[in-house]
Amino acid sequence: MENFQQFLQSWPAERRSQGVAQATSDRVLAALRKDTLQPADFLTLLSPAAAEHLEAMARKAHELTLRYFGRAVNIFTPLYISDVCANQCRYCGFNARNKQARRHLSVDEACAEARAIADMGFQHVLLLTGDAPRLSSPEYIASVARRIKPLFASVGVEVYSLTEAEYSLLIQAGVDSMTMFQETYNPELYAWLHPVGPKRDYGFRLNAPERAARAGMRSLGLGALLGLEAFEQDAFCTGLHAWWLQRHFPGVEVSVSIPRICPHEGEFDVQHAVDDRRLAQYVTAIRCFLPRAGITCSSRESAFMRDHLVPLGVTRVSAGVSTAVGGRATEDRRNPGQFEITDRRSLAEMTAALAANGYQAVLKDWEDPAA
């Protein structure tokens with residue numbers, strides 16, 4: 001079977017740029033009249049020509065979101081279990097060259113953190129690690145997942161790229177979802193951004209979601225880190241990736257994350273900053289193109305921005321977030337975290353904010369039938 005990396009070759013950067021340049025107001029309106037959009041229509045909705053029709057896009061996105069998701073918004077929280085990393089990603093606070101103190105939780109320490117999270121009322125948790133397979137091995141991640149699974153309805157992972165057999169190991173330990181940010185779909189830029197470390201392998205990371213799907217993962221999350229590459233390029237490739245996965249793995253839940261690069265330990269010059277209006281355009285374009293896909297907006301964004309993106313298509317948000325390792329059941333003020341968060345609302349505060357806007361916070365939308 002052709003993998004996504006091979007399929008993406010049919011949409012080279014030049015073709016994407018040409019599609020953006022050829023977009024017109026009439027083509028935007030024609031795309032909005034369609035019931036089913038094709039990739040070329042999605043590219044049109046990402047173009048500058050679509051910016052003047054943002055209100056029309058927002059109306060359609062809102063209608064589609066209500067049709068397929070109602071007024072339900074899932075809430076999760078991350079659990080960082082290790083920030084030891086062998087990579088030197090230029091944009092990341094976990095960069096191995098940064099000299100901050102590092103921490104790797106034992107399985108018992110991770111369980112203590114998980115119990116503290118469960119006591120707050122969370123039912124969906126996301127495990128995160130740096131990329132150091134000798135220390136944070138698949139077996140270690142599986143051990144943590146196996147121990148904390150009884151506390152939660154859903155345990156997901158956002159870790160380094162794994163083999164199909166390693167994803168199977170995690171699934172057997174109770175993991176049911178994975179999130180994999182490609183960061184950028186531009187292979188040359190990707191190589192420059194990842195000069196040292198196992199993450200440098202562009203293709204292995206790009207094809208990780210389909211390996212997880214073949215292993216039996218229930219839910220896949222994708223995303224590009226907005227700001228690394230020109231907006232239309234990575235925004236389009238992310239949506240195209242989700243579209244391709246939906247077509248090839250129809251029984252798997254596919255969602256898209258919309259992170260913008262945030263301040264972090266170290267320095268990085270953002271070349272392609274995405275403003276609020278562009279981010280809203282991205283959310284509405286994704287919803288019109290992928291009406292059944294989840295859209296996740298993390299605490300990178302402000303409370304104001306997240307509250308206003310929910311009606312446009314966002315279906316999943318984080319709350320009670322810490323991007324540092326430890327700190328919930330244990331005090332660790334030395335750890336600066338992977339990046340700075342903007343929205344520091346607790347689970348109770350997020351639930352109240354959603355209710356005030358007419359939405360229902362969903363703490364549990366999945367239960368393992370074998371549990």
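In this predicted model, V157 stands opposite M178 of strand 4. That pair belongs to the contact between strand 3, residues 154-158, and strand 4, which run in the parallel sense and share three bridges. To get from strand 3 to strand 4, the chain passes through helix 9 (residues 164-172), and the resulting β-α-β crossover is right-handed.

Strand 4 also has a partner in strand 5, again in the parallel sense, here over six bridges. If you would like a spot to look at on this side, try S177, which stands opposite S219 in strand 5. The two pairings can be set out as follows.

| Strand pair | Sense | Bridges | Residues standing opposite |
|---|---|---|---|
| Strand 3 and strand 4 | parallel | three | V157 and M178 |
| Strand 4 and strand 5 | parallel | six | S177 and S219 |

How many of the nine residues of strand 4 are buried? Nine of the nine are, so strand 4 is largely enclosed by the rest of the structure.

Strand 4 takes part in the largest pocket as well, being one of the elements that give two or more residues to its lining. This pocket holds about 910 Å³ of space. Its lining counts 46 residues, and those closest to the pocket centre are F69, V254, R292, A293 and G294. Besides strand 4 (175-183), the elements giving two or more lining residues include strand 1 (72-82), strand 5 (219-224), helix 13 (231-248) and strand 6 (253-257), together with helix 14 (276-289) and strand 7 (294-297). Helix 6 provides the largest share, with six residues. By residue class, the lining divides into 22 nonpolar, 14 polar and ten charged residues.

Strand 1 deserves a visit of its own, since V73 lies there. With a relative accessibility of 1%, V73 counts as buried, because the cut-off for that class is under 20%. A pair distant in sequence can be found here too: V73 and D365 are 292 residues apart along the chain, while their C-alpha atoms are 9.8 Å apart in space.

Finally, turn to helix 3, residues 25-33, where V28, A31 and L32 are buried. Why do these three lie on the same side of helix 3? They cover an arc of only 100° around the axis, which puts them on the same side. An α-helix makes a turn every 3.6 residues, so residues three or four places apart point the same way. On the face of helix 3 turned away from the buried side, you will find the exposed residues D26 and R33.

How values were computed
Residues are numbered from 1 along each chain as its sequence is written. This is a predicted model: local features need pLDDT of at least 70, side-chain atom pairs count only at pLDDT 80 or more; totals for chains, interfaces and linings use all residues. Side-chain values use heavy atoms; hydrogens and water are left out. On a 1 Å grid over the protein atoms alone, a cavity is a set of points where a 1.4 Å probe fits but cannot get out, and a pocket is an open set with protein on both sides within 12 Å along at least five of seven lines; lining residues have an atom within 4 Å of a point. Grid points are joined across faces, edges and corners, and a volume is the space filled by probe spheres set on the points. Helices (H or I, at least four residues) and strands (E, at least two) are DSSP runs, numbered from the N terminus. Ala, Val, Leu, Ile, Met, Phe, Trp, Tyr, Cys and Pro count as nonpolar, Asp, Glu, Lys and Arg as charged, and the others, Gly among them, as polar. Buried means under 20% relative accessible area, exposed over 50%, partly exposed in between (1.4 Å probe, protein chains only). Two strands pair if DSSP finds at least two bridges between them. A crossover is right-handed if, with the strands pointing away from the viewer, the path from the first strand over the helix to the second runs clockwise. The arc is that of the directions from the helix axis to the C-beta atoms.
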